[in-house]
Amino acid sequence: MGSSVPKTSAILTLIISISLAVLGVWIAYNIKMLPIEASQNSPVYDELFKVLFIIGTILFIGMVAIVLYSLFQFRRRAGDEGDGIPLEGNISLEIFWTAIPAIVILFVGLYSYDIYDRMGGMSPLMHHENSSNSNPLDQKIWGGIGSDSIESSNTDNSMVLPIELTAMQFAFIFHYPKGDIITGELHVPVGKKVSLKMESKDVIHAFWVPQFRLKQDVIPGQPTVLNFTPTKAGTYPIVCAELCGPYHGGMRSNVIVDELNEYDNWFQQNAKETI
Amino acid sequence: MTISLDPTNPSSKKLQPTGWLRYFSFSLDHKVIGLQYLICGFIFYLIGGALAGAIRIELTSPLSDFMPREVYNQVLTLHGTIMIFLWIVPVVNGAFGNYLIPFYVGARDMAFPRLNAVAFWLIPPSGLMLISSYFINGAAQSGWTAYPPLSITTPAAGQIIWILSVLLLGGSSIFGGINFIATILKLRRPGLKLMQLPMFCWAMLGTSLLVVISTPVLAGTLILLSFDIVAHTGFFNPNLGGNVIVYQHLFWFYSHPAVYIMVLPAFGLVSEILPVHCRKPLFGYATMVYSIMGIVVLGLIVWAHHMFTSGTPPWMRLFFTIATSFIAVPTGIKFFNWVATLWGGKISLNSAILFSCGFIVNFVLGGITGVALAQVPFDVHVHDTYFVVAHFHYIVYGGSVFVIFSSIYHWFPKFTGKMLNENLGRFHFALTFIGFNLCFAPQHWLGLNGMPRRVAEYDPQFELVNQISSMGALLMALSTLPFLFNVFQSAFQGKDAGDNPWKALTPEWLTSSPPPVENWKGEAPLVIEPYGYGKNNSQQESKITK
């Protein structure tokens with residue numbers, strides 16, 4: 001590799017891959033690869049996505065560049081019947097590329113733990129409903145993340161909107177215990193923490209709002225809880241994400257995030273009891 | 001352990017048909033069985049591919065307008081089941097394992113030749129049974145995961161046939177696993193040490209351990225599920241007090257290792273192919289062995305990352321995030337070592353190398369999205385979406401299937417004594433690589449932006465990207481044509497390959513092509529440096545002692 005040709009191609013490969021990696025970082029910051037952010041969870045999620053995208057881009061482009069460079073640089077020239085260098089290994093190199101992924105993985109793991117905690121994944125799950133303590137099923141509630149920890153420390157029950165979700169083939173039914181409202185579309189106010197207690201009547205379904213970056217299976221015989229705080233008014237799809245039968249693809253609904261006064265209007269119009 | 005059939009014994013030879021008929025017989029020859037696995041698997045690959053084509057046609061429009069919704073779910077269930085249990089697992093394990101392992105350990109056949117034949121002959125009937133269930137009363141329609149209660153409430157006949165068929169295929173896989181472990185550990189030629197074996201032996205040893213440990217769990221689970229369906233027991237039926245989450249734990253305890261059962265042999269095959277065509281020793285033999293064993297151990301304790309949005313407590317989510325992420329370390333070592341094997345070599349840019357390098361590129365992308373998916377907060381958005389579909393196709397198609405093609409280009413001269421046409425091979429690679437990436441790369445975006453998997457209808461905003469993806473699928477379908485033409489044409493009219501066209505040093509090349517029934521005329525050679533490329537040639541001769 002003493003000649004000047006390999007050096008040129010090496011430098012060229014290096015320059016191209018660095019500029020591609022820079023392009024990757026630029027894409028991560030400037031190209032929208034995710035739907036709009038509509039819950040407190042979403043910006044935290046998108047931060048994680050950005051970091052993973054940048055690390056992934058650099059690793060991927062680096063690997064592809066080395067493979068392409070090797071295929072070009074070390075290709076067999078016509079008439080050459082010889083063998084390559086008999087290099088069987090290199091302990092320090094191998095330790096190096098064991099350590100690099102280990103460090104990257106450790107960083108990604110710690111970082112995503114921090115993200116998970118900020119999403120509220122580590123705070124104890126509870127459904128904010130007064131009468132629920134007597135129900136033995138609640139003792140084994142499992143489930144979702146999104147009980148935003150920053151907020152949950154100073155939250156009392158009046159700040160939280162409890163809603164019950166019953167899923168069945170092929171619909172979501174929402175029940176508001178406070179006004180005894182039953183509806184097929186979810187109405188929630190901006191800025192208020194919502195606590196969904198979910199159970200399925202038949203098979204496993206999943207509650208997914210892509211704009212909230214949240215998903216939780218809705219399971220028969222096993223209540224699950226998902227907490228979230230909407231931040232942006234609008235209408236977003238609720239998608240069933242677990243194969244539930246022939247009409248699985250059609251099992252969709254909407255979550256309508258309203259400003260607080262509009263939500264109150266909707267609530268007053270539909271409530272069965274005055275509060 | 002001298003149970004191995006002695007093919008030099010004339011009486012046992014007489015029982016075996018010769019000529020092309022032996023490929024349709026209960027042959028005990030590991031080479032015949034290997035090719036039976038390969039051809040049978042490829043036929044099922046074409047069927048599974050046709051089903052994939054049907055899925056992609058349905059998804060060219062946002063409406064469910066190509067086939068009835070029930071049929072769509074049957075098609076996606078059959079597609080997944082066929083591709084996993086009848087194509088990739090039997091081919092990377094059964095076909096190449098059977099063909100190569102006896103050569104690599106210096107044996108004349110597998111440890112249990114009859115068990116070996118039984119293992120193969122379980123596959124065609126169970127595959128036919130699975131496919132025919134569509135014509136009886138409709139095939140299973142609960143996905144290849146068969147989650148209850150859906151699998152209990154959908155039509156029972158198809159689901160029961162699905163269970164029986166997967167049980168038989170699992171049995172075949174276990175028979176194979178036991179056979180490989182026994183052959184590698186007990187039939188080694190005297191003087192051959194474990195750490196001198198070609199890397200594929202280690203990959204098959206690790207894979208077979210996973211098969212033997214985890215497949216019985218799947219079998220037990222499916223038997224309980226069949227009780228729930230036919231005898232109305234309540235193991236997984238919540239209406240009878242059963243628990244659906246337990247099924248998911250048991251199912252994934254097998255089905256995550258199943259991913260490694262599909263990719264570890266592929267890792268082994270690539271480790272055989274690269275050194276030959278790069279004319280260089282395999283870089284870092286010992287670390288490659290340790291990383292295989294690391295993947296085996298870690299692979300058994302990561303299953304719940306498939307259940308992050310299911311009913312899992314927070315501590316479990318964290319444990320499985322960490323365990324899953326760390327699989328990237330031994331896997332990363334293997335990829336760096338392969339790239340180091342390329343570095344400084346004299347690389348023939350033939351079809352085998354192109355498919356192997358295509359595998360490296362695809363798998364690195366699949367691995368990166370895999371590490372991302374292992375992170376709970378990332379997974380709660382994209383779980384059960386097209387992002388996951390893209391990820392695992394990069395692993396099993398971009399990974400295993402690319403390696404299967406690479407291996408066919410590499411070992412076809414050994415199988416037949418003929419060379420494949422290289423230009424057609426490179427054309428096949430270009431079509432496959434472009435088609436594959438066109439089909440699956442856009443699906444990452446679909447998943448991130450809200451398209452769930454296993455749907456026949458979707459939000460119209462995803463129409464264009466789905467059509468691009470379907471175009472890629474069309475290219476992939478077309479890419480099999482030059483391959484099939486190449487195989488048939490070369491088998492009959494191909495250039496004669498000679499015994500060792502690649503000048504390879506691994507033991508299967510140190511005999512005639514195709515090899516005799518007893519593998520070697522005379523004693524098996526002792527190959528203690530299967531990757532001794534670039535070393536002093538005379539030294540090399542002395543190392544391959546007769």
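**Exercise 1. Work out whether R118(A) counts as buried, partly exposed or exposed, then find its charged partners.**

Step 1. Start with the accessibility: R118(A) comes out at 28% relative accessibility, which makes it partly exposed. Keep in mind that this is a predicted model.

Step 2. Now look for a carboxylate. E47(A) pairs with R118(A) in a salt bridge, and the closest N and O atoms sit 2.8 Å apart. This pair ties together distant parts of the chain, with R118(A) in helix α3 of chain A and E47(A) in helix α2 of chain A, 71 residues apart.

Step 3. Check the partner. E47(A) has 30% relative accessibility, so it counts as partly exposed too.

Step 4. Don't stop at the pair. A network of salt bridges links E47(A), D114(A) and R118(A).

**Exercise 2. Find the salt bridge across the interface of domain 1 and domain 2 of chain A, and describe its setting.**

Step 1. Get the bounds straight. The domain assignment puts 4-75 + 89-118 of chain A in domain 1 and 130-270 in domain 2. Each domain brings 14 residues to the contact.

Step 2. Count the salt bridges: the rule finds 1 across this interface. Take D46(A) and R213(A), which form a salt bridge with their closest N and O atoms 2.8 Å apart.

Step 3. Place the two ends. Over all chains the count is 13 salt bridges. In this one, D46(A) belongs to helix α2 of chain A while R213(A) lies in the loop between β7 and β8 of chain A, 167 residues away along the chain.

Step 4. Ask about burial. D46(A) and R213(A) are both buried, the cut-off for that being under 20% relative accessible area.

**Exercise 3. Describe what domain 1 of chain A offers to domain 2 of chain A.**

Step 1. Begin with area. About 1,300 Å² is buried between the two domains of chain A, with 53% of it coming from carbon and sulfur atoms. On the domain 1 side, A38(A), Q40(A) and N41(A) lose the most area, together 42% of what that side buries.

Step 2. Add the polar part. Between domain 1 and domain 2 of chain A there are 11 residue pairs in polar contact. Two helices of chain A, α2 (41-73) and α3 (91-118), each supply at least two residues of the domain 1 side. The most comes from α2(A), with 4 residues.

Step 3. Sort the domain 1 side by type: 6 nonpolar, 4 polar and 4 charged residues.

**Exercise 4. Build up a picture of the interface of chain A and chain B, from overall area down to one residue pair.**

Step 1. Size it up. Chain A and chain B bury about 7,200 Å² between them, and carbon and sulfur atoms account for 69% of that. The contact involves 80 residues of chain A and 87 residues of chain B.

Step 2. Tally the pairs. The rule gives 4 salt bridges across the interface of chain A and chain B, along with 25 residue pairs in polar contact. On the chain A side, α2, α3, β1 (142-143), β8 (214-218) and β10 (234-240) each give two or more residues. By type, that side divides into 48 nonpolar, 19 polar and 13 charged residues.

Step 3. Zoom in on one salt bridge. R252(A) and D459(B) pair up with the closest N and O atoms 3.7 Å apart.

Step 4. Check how open each end is. D459(B) is partly exposed, at a relative accessible area of 21%, and R252(A) is also partly exposed, at 30%. This pair crosses between chains, running from the loop between α16 (422-448) and α17 (463-493) of chain B to strand β11 (residues 252-258) of chain A.

**Exercise 5. Decide whether K201(A) is buried or exposed, and list what it touches away from its sequence neighbours.**

Step 1. Locate it. K201(A) sits in the loop between β6 (193-200) and β7 (205-209) of chain A.

Step 2. Apply the cut-off. The relative accessible area of K201(A) is 59%, so it is exposed, since exposed means over 50%.

Step 3. List the contacts. Leaving out neighbours within four places in sequence, K201(A) touches T166(A), A167(A) and M168(A). The C-alpha atoms of K201(A) and T166(A) are 6.8 Å apart, although 35 residues separate them along the chain.

Definitions and conventions:
Residues numbered from 1 in each chain as written. Chains lettered and ligands numbered in written order. Predicted model: local features only at pLDDT ≥ 70, side-chain atom pairs only at ≥ 80, totals over all residues. Heavy atoms only, no water. Domains from an automatic or database assignment. Contact = heavy atoms within 4.5 Å. Buried area = accessible area lost by both parts, 1.4 Å probe. Salt bridge = Lys/Arg side-chain N within 4 Å of Asp/Glu carboxyl O. Polar contact = N/O pair within 3.5 Å; in protein donor to acceptor, adjacent residues only side chain to side chain. Nonpolar A, V, L, I, M, F, W, Y, C, P; charged D, E, K, R; others polar. Buried < 20%, exposed > 50% of the residue type's maximum accessible area, 1.4 Å probe, protein only.
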